[in-house]
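Trainee: I would like to go through this structure and ask for the reasoning behind each label.
Mentor: Go ahead.

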Amino acid sequence: MLTSLSINNYRSILNLVIPLGPLNVITGPNGSGKSNLYRALRLLAETAQGGVVNSLAAEGGLNSTFWAGPENISSGMRSGEEPIQGGPRKDVVRLRLGFSSEDFGYSISLGLPSESGSAFSLDPEIKRECIWAGPHFRPASLLVDRKGPLVRVRSERSWDVVSQSASAFSSMFDNVVDPGSAPELFHMREAIRSWRFYDHFRTDKDAAARKAQLGSRTPVLHHDGRDLAAALQTILEIGDSAALTETISDAFPGAELEILRHEDGRFSIKFSQDGLLRSLSGAELSDGTLRYILWVAALLTPRPPPLMVLNEPETSLHPDLLPALARLILRVSERTQVWVVSHASRLIAALSEHPESRSIELEKNFGQTENCRSGTIGCTCMALARLRECRTGNDDRVEACEMWRRSAVNSGGRF
Ligand SMILES: Nc1ncnc2c1ncn2[C@@H]1O[C@H](COP(=O)(O)OP(=O)(O)OP(=O)(O)O)[C@@H](O)[C@H]1O
Ligand SMILES: [Mg+2]
């Protein structure tokens, strides 16, 4: 389970450390930075898929994703005594992303490409990556350390160099190919690769989920929901079929979901509801009904990942369906760490009732995304100032400050 996430210099997020629990609900008004937080987590996941540099280039390059405000917002700027303005930079400009889990932590630091005459000016360079043991970074707990082209792995009391020519445009996960030389690297890569993101299911009239599709075993629903019927049939055969029936009738009392097997090997869905003389095909379902069924197929996967991230799952669902969706998410959070980004008050309220639920309420102050529950913590001096300030505040803030102070990303501040 991830215990904290740290983001530095990504869009509206100048410095943010979020302590995480088994169920995390990210909320906040429009423009507060929910999607930026979601995208930052996706970028972290891309490091293990070989896509972080391309994704940043697709966002317009690092210069466009860097925080567009001043390096520090002084107390004078906050009180309105001074205008918001930038000064000479003290730190090199880096995008830093990192997380800690109960066993391992990982951080990556990206910077602008050095002048090389290359045409690929949007591609950022990976400056440093670290993997450490335990929930907090300490120099003594470093297991794998990449600085520029050099990747070192700790071995007993010394360091083994496993690569001296790591490409600046790919993560150390892609640069080191021998699993035997750095098992921690491969363990971490596989862990990050197994994170699952659901952002937008297609439910328009041409959506594949509405049509018959090839029926092949599908333990993991595709992120756009194209293999819905096969995923549902897989749950019926090797997953929790009772939960499938329960969660459908929780949202649609008296309704029944069936998977139709066509002669040519394709599968499609059939949905019978009270009051109708015949069942409806996928093409006839309302957007909201189809979307709820897609969430059921995604969440009741027979192959649960360690982390599942759901972006605005309420989209096109009637508010009456949200309590049922919340119960479905709560069921899943017993075996998988879940992130829900949402601004549907009924969904948030239902999820927040759970004792393990952690509410992360974002707000934007001076253009900067802050966590109004846990506090935002900046680079070392700001963190210490805040820590003192927080000592009188709630425990969550203190925990977040401490975490930032000790986190690898903070240490990354001195990369
Ligand atoms: N490089 C940048 N530097 C500073 N702020 C930025 C940068 N890029 C985008 N932003 C700000 O981030 C905000 C958008 O954040 P985001 O899309 O995450 O909001 P949201 O909480 O998801 O909102 P909604 O509920 O409307 O989807 C915008 O207000 C925009 O001004
Ligand atoms: Mg958004």
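Trainee: What pLDDT does the protein chain average?
Mentor: The model is predicted, and its protein chain averages a pLDDT of 86, with 89% of the residues scoring at least 70.

Trainee: Where is confidence lowest and where is it highest?
Mentor: Helix 12 (residues 380–390) has the lowest mean, 37, and helix 7 the highest, 98. The pLDDT is below 50 over residues 375–415, a stretch that still has 83 contacts in the model beyond near neighbours in sequence.

Trainee: Why are helix 7 and helix 9 called oblique to each other?
Mentor: The axes of helix 7 (residues 228–238) and helix 9 (residues 287–299) cross at roughly 50 degrees. Roughly parallel requires an angle under 35 degrees and roughly perpendicular one of 65 to 115. The crossing angle falls in neither range, and the pair is therefore oblique. The crossing is left-handed, and the axes come within 9 Å.

Trainee: What makes up the contact of helix 7 with helix 9?
Mentor: From helix 7, L228, A231, L232 and I235 meet I293, L294 and A297 of helix 9. Leu, Ile and Ala count as nonpolar, and the contact accordingly divides into seven nonpolar, no polar and no charged residues.

Trainee: Which residues come nearest to ligand 1?
Mentor: S12, N30, K34, S35 and A68, out of 17 residues around ligand 1. Helix 1 (residues 34–47) gives the largest share of that shell, three residues.

Trainee: How does the shell around ligand 1 divide by residue class?
Mentor: It has three nonpolar, 12 polar and two charged residues. Among the nearest, K34 is a Lys, and Lys counts as charged.

How values were computed: Residues numbered from 1 in each chain as written. Chains lettered and ligands numbered in written order. Predicted model: local features only at pLDDT ≥ 70, side-chain atom pairs only at ≥ 80, totals over all residues. Axes fitted to C-alpha atoms, helices over the stretch in contact; angles between N-to-C directions. Helix = DSSP H or I, 4+ residues; strand = E, 2+ residues; numbered from the N terminus. Parallel < 35°, antiparallel > 145°, perpendicular 65-115°, else oblique. Left-handed = near helix turned anticlockwise from the far one by under 90°. Contact = placed C-beta atoms within 7 Å. pLDDT = per-residue confidence, 0-100. Near = placed C-beta within 6 Å.
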